[in-house]
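Me: I'd like to learn how to read a protein model feature by feature. Could you walk me through one?

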Amino acid sequence: MKMTFYGQFVAGEDHNDIKPLIQKNHSFGIGSVLDYSVEEDISQEEAEQKEMEYENSIALLNNTIDSIPERKYQAHKQFGDRRGGVTGARTYFYADEAKCDQHMETFIKCIKASGGSSMDGFSAIKMTALGRPQFLLQFSEVLVKWRRFFTFLASQQGKDGLEALEQRLELTQLQEFMTKLGANGDFYGWFTGRKEDSTGCIDMLDWNSLIDDRTKISDLLVVPNVELGKLEPLLGKFTVEEEQQMKRMLQRVDVLAKHALESGVRLMVDAEQTYFQPAISRLTLEMQRTYNGEKPVIFNTYQCYLKEAYDNVTMDVELSRREGWHFAAKLVRGAYMYQERERAKEIGYEDPINPDYESTNRMYHRCLDYVLDEIALNRKANVMVASHNEDTVKHTLKRMNELGLIPTENKVYFGQLLGMCDQISFPLGQAGFPVYKYVPYGPVNEVMPYLSRRAQENRGFMKGAQKERELLWKELKRRLASGELLYKPVY
């Protein structure tokens with residue numbers, strides 16, 4: 001395997017084994033995003049059992065608005081094995097807290113390896129490795145319901161159909177509407193504290209701020225109770241152990257962020273399924289608020305095959321602008337399309353994915369253009385263009401030129417997978433652009449479950465590799481004609 005598939009797509013078995021490849025790439029101007037790609041090799045039945053084990057561990061209250069749990073944010077045995085239809089991403093299943101601690105230690109080793117192997121490296125982590133995924137489901141449901149309640153109120157004020165950040169709630173109208181519903185609370189006072197300080201309007205970011213700065217984790221999970229006119233917890237009280245598990249998940253994330261900061265490494269939080277993603281993005285946002293004050297340390301990942309991608313990007317950029325920290329994003333097209341579509345169809349909720357590849361391309365370029373414009377206006381924004389699409393790379397270079405964005409500013413990065421699209425990565429690196437390879441590593445037998453699915457992905461990917469093969473064949477003929485068959489580039 002080391003001479004074939006593993007050798008093509010994996011850098012080595014451990015942090016010492018991968019150093020020669022990382023240093024060689026670095027000499028050509030190519031950095032690394034280290035990803036310890038070990039994946040537990042368990043059966044489908046075991047995966048489903050692990051996923052369903054805690055589905056009813058937290059009881060929902062019945063007295064809150066929209067309190068019936070959405071089917072999207074419930075565990076379903078049919079999709080309990082989250083590896084199904086996913087080829088380009090690792091999958092973690094919850095076993096116990098000790099296993100989550102092991103994952104954290106693995107990520108720490110990866111961060112240290114990245115810091116010791118190259119300057120300004122990245123290290124990738126997954127939130128589902130650091131705690132019970134059911135908490136992410138519950139938290140995601142709350143965040144989505146909370147935003148939907150804002151949208152509902154905005155529609156009552158004739159603000160529907162606008163972009164997310166253009167919607168404004170008139171607080172006086174909000175108070176009147178809620179009072180008509182029979183609520184008695186001071187909704188105006190939710191946001192103002194002192195009414196004379198208020199502009200009288202709020203947007204989605206103001207609305208979201210209501211679930212910030214809660215002292216207990218369970219206090220975060222709140223929705224409005226229309227009857228009582230106040231915020232109430234969406235979830236029943238956690239047991240002491242559940243409260244501790246949630247806190248430990250956040251503590252693990254914080255430990256990793258601190259190690260990244262100390263090691264001079266950027267931390268890349270991978271995107272996952274849409275039913276986890278609102279919570280993952282929110283937790284990542286909290287890390288960015290804490291650690292991105294002076295420089296970009298924490299990068300969030302935005303999947304542009306999602307219909308809501310542009311709204312997510314624009315709201316987070318605006319929040320970073322208001323609060324003065326460095327916005328940092330990786331833009332990808334997405335890795336869970338087939339699974340997401342099948343799950344939405346089978347369970348019965350709206351397909352979250354754009355209808356076709358062209359609409360995903362348009363969404364990618366729209367999000368990218370927005371962030372590039374923000375970089376030009378405010379040098380605190382940063383973006384990694386993680387794409388194998390040559391048109392997207394050319395579009396980025398054209399826009400950088402138009403906006404006067406210089407490669408050496410290190411505000412716009414490019415990213416490709418190790419073993420793929422070298423005809424894009426290496427010319428960019430040698431031209432002085434910040435380019436990174438996503439570098440999987442780990443023992444052969446432990447990386448194979450992940451690699452076997454990557455092999456399935458490459459059956460389709462090879463259709464798009466025709467140009468790369470043609471370039472290799474052209475170079476081989478050049479070397480034969482010039483007598484340089486054993487030619488090695490100088491680095």
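**Reading salt bridges, strands and surface**

Reply: Gladly! Let's start with one side chain: Arg-366 counts as partly exposed because its relative accessible area is 38%, between the cut-offs of 20% and 50%. Keep in mind that this is a predicted model.

Me: Which residue forms a salt bridge with Arg-366?

Reply: The general idea is to look for a Lys or Arg side-chain nitrogen within 4 Å of a carboxyl oxygen of Asp or Glu. Here the partner of Arg-366 is Glu-163, and their closest N and O atoms are 2.9 Å apart. This pair links distant parts of the chain: Glu-163 sits in the loop between helix H5 and strand S3, Arg-366 sits in helix H14, and 203 residues separate them. Glu-163 is partly exposed, because its relative accessible area is 31%.

Me: How many salt bridges does the count come to?

Reply: The count comes to 25 salt bridges. Another one joins the side chains of Asp-351 and Arg-341, at 2.9 Å from N to O. Asp-351 is in the loop between helix H13 and H14 while Arg-341 is in H13, so this pair ties together parts 10 residues apart in sequence. Asp-351 has a relative accessible area of 22% and is therefore partly exposed; Arg-341, at 26%, is partly exposed too.

Me: Where do Glu-475 and Arg-478 lie?

Reply: Both lie in helix H18, 3 residues apart, which is about one turn of the helix. They form a salt bridge, with the closest N and O atoms 2.9 Å apart. Glu-475 is partly exposed at 27% relative accessibility, and Arg-478 is partly exposed at 35%.

Me: Which residues are linked in a network of salt bridges?

Reply: Asp-203, Asp-206, Glu-318, Arg-321, Arg-322 and Glu-374 are linked in such a network.

Me: Now strands. Which way do the side chains of strand S7 point?

Reply: The general idea first: side chains in a regular strand alternate between the two faces of the sheet. In S7 (residues 266–269), Arg-266 and Met-268 point one way, Leu-267 and Val-269 point the other way, and all are buried.

Me: What does S7 pair with, and in which sense, parallel or antiparallel?

Reply: Strand S2 (residues 122–125) runs parallel to S7, and 4 bridges join them. Within that pairing, Ser-123 stands opposite Leu-267. S7 also pairs with strand S8 (residues 298–303) in the parallel sense, over 2 bridges, and there Met-268 stands opposite Phe-299. To read the connection, follow the chain: S7, helix H11 (residues 277–291) and S8 make a right-handed β-α-β unit.

Me: Is Ile-202 buried or exposed?

Reply: Ile-202 counts as buried because its relative accessibility is 4%, under the 20% cut-off. Ile-202 is in strand S4 (residues 201–202). Sequence distance and spatial distance are worth reading together: Ile-202 and Arg-168 are 34 residues apart in sequence, with their C-alpha atoms 5.5 Å apart in space.

Me: What about the cysteines: how many disulfides does a search of the whole structure find?

Reply: The search finds 0 disulfides. Two cysteines can still serve for reading accessibility: Cys-110 is buried at 1%, whereas Cys-201 is partly exposed at 27%.

Me: Which residues make the nonpolar surface patch of about 580 Å²?

Reply: Trp-473, Leu-476, Leu-480, Leu-485 and Leu-486 make this patch. Leu-476 belongs to helix H18 (residues 466–482), and its relative accessibility of 34% is why it counts as partly exposed.

Conventions: Residues numbered from 1 in each chain as written. Predicted model: local features only at pLDDT ≥ 70, side-chain atom pairs only at ≥ 80, totals over all residues. Heavy atoms only, no water. Buried < 20%, exposed > 50% of the residue type's maximum accessible area, 1.4 Å probe, protein only. Patch = residues over 30% accessible without salt bridge, like charges linked within 9 Å, V, L, I, M, F, W, Y side chains within 5 Å. Areas by Shrake-Rupley, 256 points an atom, 1.4 Å probe, with all protein chains shown as cover. Pairing = 2+ DSSP bridges. Right-handed = clockwise from strand over helix to strand, strands pointing away. Disulfide = S-S within 2.5 Å.
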